[in-house]
Structure formats: C-alpha cells, structure tokens
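Thanks for asking me to take a look at this one. My notes follow as numbered points, beginning with the ligand.

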Amino acid sequence: MEKIISLCKRRGFVFPGSEIYGGLANSWDYGPLGHLLKQNIKKAWWQFFVQERDDMVPLDTAIIMNPKVWEASGHLQNFSDELVECKKCHHRFRSDHLLEAARMEPGYDKEDPPKTMADVICPDCGGGLTEPKQFNLMFKTFLGTTDDTSTVAYLRPETAGGMFVNFKNVQQVTRRRLPFGIAQIGKNFRNEITPGNFIFRTREFEIGEFEYFFNPNKEKWEDLFEMWLGEIKRWWQDVMRVNMDNLVWHEIPDGERAHYSKRTVDIEYKFPFGIKELHGIAYRTDFDLTRHETVSGQDLHYTDPETGEKILPHVIEPTFGIDRMMLVSLLEAYHEEEAPTSEDGKMETRVVMRFPKHLAPIQVAVLPLSKKDELASVAKPLAAELRKYFSVEYDETQSIGKRYRRQDEIGTPYCVTLDFDSLDDKKVTVRDRDTMSQERIAIDEVKNYLKEKFKQ
Ligand code: GAP
C-alpha cells in the first residue's frame, strides 16, 4: 500500500486532500491521471452494465433529497454504527472493527476470543472503553437561512433512494415492461467513524449501482440473482481483468442479512490490509417500494400490460464502490521487475502499471527524441491526429530511457518515438509497455496500427 500511495502522489493519481493547509484526515483528491483512470472505470462500467443492455435505463438524481426518503428507507432510524470511545486517550472506534481486530491480537486467547466490548481495551493506549452508543452516519445539513428544524436535510448515503422514488416516473416515460433496471453513478457521503486505508474507506465516495425491478410472479428471483452474479464475474474477469483468485465470493448467511433480504453476496478482495468488502449484490424483495408507498402515500404499483395484474415490483440491487474498484485496479496493475535500460542495457528495477489497455489513463505517449524543431514539426501534428482517437501525452524532456520509465510507471500501453531517421524514412518506433518490444511503423499507419492494438 505504501508503494501505491507514494506512486499515486508522485505521478498524480491521488493527492492528499487540502494538502497546502496541512491536509484533512482521510480526504483525497484525484489528480490528472487519477481522474482519467476513474473516468475510464466509470465509462467501462456504464458501457457494460447499462449501454450494452436493452433492459437498463439511466438516471441522475439529487444528492439532497426530501428527508422523508431516508425515513422510508430506514436510514434515519438504522443507518448507524456502534461507536466506543477510549476513556483515557479519547480515540473513537467502531466496536465491530475492534472486536474483529481483537480476535487476531496475540494477547487474546484464540480458543476463547472476546465476545463483548467489555473484554476489549483501547488498541492505541490500553485504556478502558465507554459503553457502545449508536452513531448515525448520515451527514446532516440545513436548507435555507433559518434555524428552523424543518430545514434539516441529509447528504445522501447511497444513490438507491433516487431510483426508488423515481421508479414510477421512469417506468411511465420510458414505457418499460418488467424486468428492467435503473442505474446511476454518483457521489455519496457517510460520516464514517474510522475512515482509512487510503481511498478504501472515506467520507465521500462514488457508487455505481442499479435497481433491477421484476415481477416475482413471472420471474424467479433465484434465476435473476444468478444471472447478475454471472454478469458481475464477467465484469471482473473480462473488463477489469483482475486475478480472479484475489476475489472472495462471500455468501451472507441467514441471520446476518438485512431482515428484508433473501440473499446477499459480498464480493470481497484480498487487499494488502486484509480481505475486505469490495462491493455487493442483494435481493431486497419489495421492501423499498413498499416503504416508499407507505411513507409517501403514493401508489407505486405496476400494472402488468398482459394480465392487468397490479404488483409491487421486487428488486435485485448490485452496488459497486467506484473508489474501491479504482484501488483494486491500482493494486492489480502494480508490478516491479528487472529490465534492461534502453541506454546501456544494464538491468534495473522497472515499476510498470499493467492496466488493461482500455483503462489506462494515458493510452499513447508521443516522444520526439530531441526538442529540435525538425522533430517537433512532425511529432506535434502526429500527436494532434492521435488525440482524436486516444488519450495522448506529448513529452520531449529528459532522456528517452527516463521517459520510457515514466510512461511505464503511469501504465501507458504504447510509446511512439520519433528520431532523426523518422525525417527520412517517415517511420516511428512504437514501444509496447508489457513486452518492451519495439516496431518501426510508417507515420501514416500509426493511427490504424494503434487502433488494432487497442482492439486486442
Ligand atoms: N445501496 C446499497 C449500498 O449502498 P453499501 O454496502 O452500504 O451498499 C455500497 O455500499 C458500496 O459502496 C460498498 O460495497 C463499497 O464498495 C462502497 N463504500 C461504502 N462505504 C464506503 C466508504 N466509506 N468509502 C468508500 N467506499 C465505500
């Protein structure tokens, strides 16, 4: 993790938030390359789960909604974690995290691990802990200019509410028949007690999620759930291209699921700091629409056009943390290997981010061997042409060896180098990030050559 965090800062993927003011704990800003990587992951997610399907529709709803939404969803009453505070150093912890960690402490008897908070002490100073109390994770804010409590509102902790309250609107205007899904990607806010592990747990983060509505009298939820699990596997294997051995498919057992869910699977990842939730999928029955009907007093039923039957659709909800996917893509891409330098062939450690080509923030680097005008007069128009199809970086400073290393470290799949021979033979050298092999390609052909490469 330290290597990733340092590379992210050095190369402009992720900066500590508000750094010139001493930072703000656990807040991060995505730099130029981080922005591009995150955009590419979101684009790929959107293409895979929404654009390429005929049963999904997009949505983009407000971050601040009527507080009744959170009353109906249960967030106002139940969206809380148990918090304990050390009586000595006053550090605050999530009690479930402490219990989990305590079971791994060498000082505790593994045969008889602590079962209650009374058995646990402060991991920072050994002090005693207060009684656990519930702490609601929603960020409160105030609308308008008066202190009147009627103006209290909340920043959304998930995007799902937006899909449920708009179900009827969307169904009517799109004239969709069940089953169909409503998808959106957006920012969410949770006042986490213990944020940490870089961008893994923060107080603001993005989610991509969809609600897949269906008629339980026509479709078996078990089949739809399996269909979506299959799609999720395909996403990780074919699009994110992770090592599937690093994923853990955690079936949440009876008794640990939310009361309304008949099946929930957490997709976990073997992070360097432990096996942790990456994202999830849940069958939520008709819990959400029922609650919104009750609290709003509106009829949210769907009328089956063939049978005339009125039903409340049931829902399967796959949810993806965009920032966690980004962390996974950084972890999966990071490689260190011994490789010869391009100057003298001596072996040295090269750091290479092996992003799948379609996710790489920079796809092509155009590197004239020197800053001389003769080379720039050919290299710049070539870069301009390539920019119409790829994300391109133009770099003419430092030795070519250093420039290759830099592009390897930011994961650029192809470097296009112009040398003085290029002026005569009208060819450039294209270097492959992964194999480091080089090919001479006619300048006129480079665009098509690269287009072919990106199809692979
Ligand atoms: N609508 C369902 C829902 O919101 P969740 O498990 O609470 O489910 C969904 O959150 C996903 O959002 C998680 O699986 C995780 O990927 C991501 N996530 C949750 N809290 C987060 C945080 N504090 N920082 C970054 N990502 C977070």
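1. Let me start with the ligand contact of Glu158: one of its polar side-chain atoms lies 2.7 Å from a nitrogen atom of the ligand. Please keep in mind that this is a predicted model. Two further contacts go to ligand nitrogen as well. Glu317 brings an N or O atom of its side chain to 3.3 Å from a nitrogen atom of the ligand, while Phe200 uses a backbone N or O atom, at 3.4 Å.

2. How much of the ligand does the protein bury? Taken alone, the ligand exposes 550 Å², and 87% of that is buried by the protein. S10, S13 and S16 are the elements that give two or more residues to the surrounding shell. There are 16 residues around the ligand, and those that come nearest are Glu158, Glu192, Thr202, Glu277 and Leu278.

3. Phe200 deserves a second mention. Besides its backbone contact with the ligand, its ring has the charged end of Arg324 sitting over it, 3.7 Å from the ring centre. A second arrangement of this kind involves Lys233, whose charged end sits over the ring of Trp249 at 4.8 Å from the centre.

4. Now to the strands around S12. This strand covers residues 263-271, and 8 of its 9 residues are buried. On one side of the pairing list is S11 (residues 247-251), antiparallel to S12 over 5 bridges; here Val248 stands opposite Glu268. S13 (residues 274-285) also runs antiparallel to S12, and 9 bridges join the two. Thr264 has Ala282 of S13 as its bridge partner, and a hairpin through 2 residues connects S12 to S13. S13 is also one of the elements that give two or more residues to the ligand shell.

5. The aromatic side chains are worth a tour, with 30 aromatic pairs in the structure. Take Phe49 and Phe320: their ring centres are 5.1 Å apart and their planes meet at 45 degrees, so this pair is tilted. Phe49 belongs to helix H2 (residues 32-51) and Phe320 to strand S16 (residues 314-321), so the pair ties together parts that are 271 residues apart in sequence. Both Phe49 and Phe320 are buried.

6. Phe167 and Phe213 give another example. With centres 4.5 Å apart and planes at 40 degrees, the pair counts as tilted. Since Phe167 lies in helix H7 (residues 167-174) and Phe213 in strand S10 (residues 204-214), the pair ties together parts that are 46 residues apart in sequence. Phe167 and Phe213 are both buried.

7. Which residues do ring pairs link into a cluster? The members are Trp45, Trp46, Phe48, Phe49, Phe210, Tyr212, Trp228, Trp235, Trp236 and Phe320.

8. Finally, some backbone details to look at. Most residues other than glycine have a negative phi, and most peptide bonds are trans. Leu178 and Pro179 are joined by a cis peptide bond, with omega about 0 degrees; Pro179 is in the loop between H7 and strand S9. Ser18 is not a glycine, yet has a positive phi of about 50 degrees. Its place is in the loop between strands S1 and S2, and with a relative accessible area of 36%, Ser18 is partly exposed. Arg241 also has a positive phi of about 50 degrees without being a glycine. The loop that holds Arg241 runs between helix H8 and S11, and at 44% relative accessibility Arg241 is partly exposed.

How values were computed. Residues numbered from 1 in each chain as written. Predicted model: local features only at pLDDT ≥ 70, side-chain atom pairs only at ≥ 80, totals over all residues. Heavy atoms only, no water. Buried < 20%, exposed > 50% of the residue type's maximum accessible area, 1.4 Å probe, protein only. Helix = DSSP H or I, 4+ residues; strand = E, 2+ residues; numbered from the N terminus. Pairing = 2+ DSSP bridges. Phe/Tyr/Trp six-rings, centres within 6.5 Å; stacked < 30°, edge-to-face > 60°. Lys NZ or Arg CZ within 6 Å of the ring centre and 35° of its normal. Near = heavy atom within 4 Å. Polar contact = N/O pair within 3.5 Å; in protein donor to acceptor, adjacent residues only side chain to side chain. Areas by Shrake-Rupley, 256 points an atom, 1.4 Å probe, with all protein chains shown as cover.
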